[in-house]
Amino acid sequence: MRNIKFFDTTLRDGEQSAGVNLNLQEKLEIARQLERLRVDIIEAGFPASSKGDFAAVKQIAETIRTCSVTGLSRSVRSDIDAAWEALKGGAEPRLHLFIATSPIHMVHKLRMTPEQVIDAAVEAVKYAKRFFPIVQWSAEDACRSERPFLAKIVAEVIKAGASVINIPDTVGYITPKEYGEIFLYLQNNVPNIEKVSLSAHCHDDLGMAVVNSLAAIEHGATQVECTINGIGERAGNAALEEIAVALHIRKDYYQVETRLNLQEIKRTSNLVSKLTGVVVPPNKAVVGKNAFAHESGIHQDGVLKEKTTYEIISPELVGVPSNSMVLGKHSGRHALRNRVEELGYTLSEEEINQLFVRFKELADKKKDITDDDLVALIFEEKFDHFNEFYQLSSIQVQYGTNQIPTAVVVLKDGKGNEIQEAATGAGSVEALYNTLERCFQTAVTLLDYRIESVGGGRDALAQVFVKVRVNDVETSGRGTAQDVLEASAKAYIHAMNRAVMIEAMRGENEKVATT
Ligand code: KIV
Ligand code: ZN
């Protein structure tokens with residue numbers, strides 16, 4: 001059977017989703033989880049685009065040992081140099097070079113002739129080969145490129161040393177039949193094409209990213225590029241979990257193998273959703289909350305008699321836990337540490353100690369602490385206080401049916417100064433957010449507000465997600481607490497801390513390029 005390589009671009013193309021900006025700590029955690037999922041290649045970022053991206057790619061390359069780590073690069077020497085500096089400590093450094101090949105992009109964006117584009121591509125591949133053992137070359141907007149030109153440039157970059165050729169459907173325009181035909185066309189018209197790997201990279205603008213990726217595999221691709229939960233620019237990229245499970249469940253049809261550990265899928269999906277703030281729709285294939293729920297009486301009856309009547313994927317296959325371990329106020333530090341490790345999180349001694357304090361506080365208020373509660377606490381401990389500038393000291397909110405809701409908030413800023421403000425609003429959350437806006441002395445637009453309970457029950461923890469715009473920075477935040485208003489305040493402050501960090505990095509962190 002052919003082996004299909006999974007190239008995960010959650011941290012590069014996925015991070016280009018509107019409002020998603022992960023910090024170093026979060027990117028590293030996602031990379032570690034992708035390693036557990038056993039993807040073949042992790043695209044960790046675009047090193048020349050910013051100092052933040054450079055640092056993240058470098059740290060990920062130096063941390064991950066069992067996957068190849070790559071970074072994106074335009075076809076210019078300065079990008080390639082930055083990528084080498086970031087990636088050279090990796091277990092198997094590879095470069096992902098790209099240049100646009102469609103008439104629309106060459107004329108309007110690059111303002112280059114087709115010959116100039118070929119020269120730039122060839123020169124970049126040759127230069128990259130001085131450093132990188134593996135160079136992947138991508139024809140941006142390949143699917144709207146003229147096929148003879150595409151074949152010509154692919155032949156030239158193979159001659160120059162590229163060993164993986166990626167055919168992106170950058171704007172999500174192609175149909176499965178046409179995409180398969182492009183792969184066949186290249187195999188029939190490019191000399192030495194059998195010496196390189198062909199790769200698919202699909203966007204979901206017309207809802208065909210997964211099916212196009214599968215069509216590419218049927219027509220000779222041996223690598224697919226995708227993101228967890230299908231996140232990405234505009235409508236997103238092809239969803240890794242959907243391609244992976246389709247190949248597994250329909251192995252009889254596709255006749256291919258992968259090295260993925262499918263049981264890590266659900267956990268990876270949860271982690272990416274929580275850290276990016278991008279919700280997984282309940283009906284989403286493979287990882288949605290309802291993907292394994294049988295609602296109609298006839299279906300339930302069938303499944304009770306014989307699971308396979310209506311269930312083609314078992315929840316266990318993708319690691320949906322069948323039972324959740326419960327801890328309580330008598331559980332000790334040892335039991336807590338064990339469960340944290342079983343859930344797949346690596347915490348330092350100090351983080352475990354702090355988590356234990358939070359765990360005990362919660363156990364005093366809530367009888368059973370489930371895995372979901374624990375994960376919420378771990379997130380708070382590990383990610384939500386990373387590099388924070390503002391800290392919540394206290395909130396007080398007054399609400400009555402015939403009263404004007406009023407909030408008082410006390411914060412501490414990074415210099416230890418106390419900030420206290422009060423304001424009113426049409427409702428409790430508005431009063432709270434008006435007060436916080438005063439504390440920050442800057443206009444904040446609330447773009448989204450979502451509240452969820454962690455598990456069920458009246459005593460469940462509340463988890464709030466917000467998306468805000470501060471000046472021209474769009475970012476998100478999350479907060480967890482037993483009280484919904486406290487969780488709301490924490491989410492808002494978390495988003496503001498991210499905005500402060502993004503602003504601070506900006507001066508030295510000029511975005512030099514975007515894709
Ligand atoms: O969609 C695209 O064309 C890309 C390339 C940079 C590979 O993401
Ligand atoms: Zn893309």
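A pocket, as the word is used here, is an open set of grid points with protein on both sides within 12 Å along at least five of seven lines. With that in hand, let us walk through this predicted model, starting with its largest pocket and then turning to the zinc site and a few individual residues.

**The largest pocket**

About 1400 Å³ of space lies in the largest pocket. Its lining is made up of 41 residues, and those nearest the centre are K266, N270, K274, P321 and D372. Several elements give two or more residues to this lining: helix 1 (24–37), helix 11 (265–276), helix 13 (333–342), helix 15 (371–384), strand 14 (444–454) and strand 15 (461–470). Helix 11 provides the largest share, with seven residues. Sorted by class, the lining holds 16 nonpolar, 13 polar and twelve charged residues.

**The zinc site**

Which residues coordinate the zinc ion (ligand 2)? The donors are D13 through OD, H201 through NE2 and H203 through NE2, at 2.0 to 2.1 Å. Along the sequence these donor residues follow the spacing D-x187-H-x1-H. D13 sits in the loop between strand 2 (5–8) and helix 1, while H203 sits in the loop between strand 8 (197–202) and helix 8 (209–218), so this pair ties together parts that are 190 residues apart in sequence. Both D13 and H203 are buried.

**A buried glutamate in helix 1**

E26 belongs to helix 1. Is E26 buried or exposed? With a relative accessible area of 0%, E26 counts as buried, because the cut-off for that class is under 20%. The E26 side chain makes a polar contact with the side chain of R478 at 3.4 Å. Beyond its neighbours within four places in sequence, E26 is in contact with N21, L275, F383, R478 and R498.

**Two residues with positive phi**

Most residues other than glycine have a negative phi. Two residues here are worth a look against that background, and the table sets them side by side.

| Residue | Phi | Location | Relative accessible area |
|---|---|---|---|
| R38 | near 65° | loop between helix 1 and strand 3 (41–43) | 38%, partly exposed |
| V286 | about 70° | loop between helix 11 and helix 12 (297–305) | 7%, buried |

Neither R38 nor V286 is a glycine.

**Contacts between parts distant in sequence**

A155 lies in helix 6, which covers residues 147–160. A155 is buried, at 16% relative accessible area. Where does the chain come back to meet A155? Not counting residues up to four places away in sequence, A155 touches V190 and P191. The C-alpha atoms of A155 and P191 are 6.3 Å apart in space, although the two residues are 36 residues apart in sequence.

T258 is found in the loop between strand 10 (256–257) and helix 11. At 29% relative accessibility, T258 is partly exposed. The T258 side chain reaches the backbone nitrogen of L260 at 3.3 Å. Leaving aside neighbours within four places in sequence, T258 is in contact with N3, I4, F6 and L247. The C-alpha atoms of T258 and D40 are separated by 9.0 Å, and these two residues are 218 residues apart along the chain.

Key:
Residues numbered from 1 in each chain as written. Chains lettered and ligands numbered in written order. Predicted model: local features only at pLDDT ≥ 70, side-chain atom pairs only at ≥ 80, totals over all residues. Heavy atoms only, no water. 1 Å grid on protein atoms, 1.4 Å probe; cavity = no way out; pocket = protein on both sides within 12 Å on 5 of 7 lines; lining within 4 Å. Points joined across faces, edges and corners; volume = space filled by probe spheres on them. Helix = DSSP H or I, 4+ residues; strand = E, 2+ residues; numbered from the N terminus. Nonpolar A, V, L, I, M, F, W, Y, C, P; charged D, E, K, R; others polar. Donors = N, O, S within 2.8 Å, 3.2 Å for Na, K, Ca; no water. Buried < 20%, exposed > 50% of the residue type's maximum accessible area, 1.4 Å probe, protein only. Polar contact = N/O pair within 3.5 Å; in protein donor to acceptor, adjacent residues only side chain to side chain. Contact = heavy atoms within 4.5 Å.
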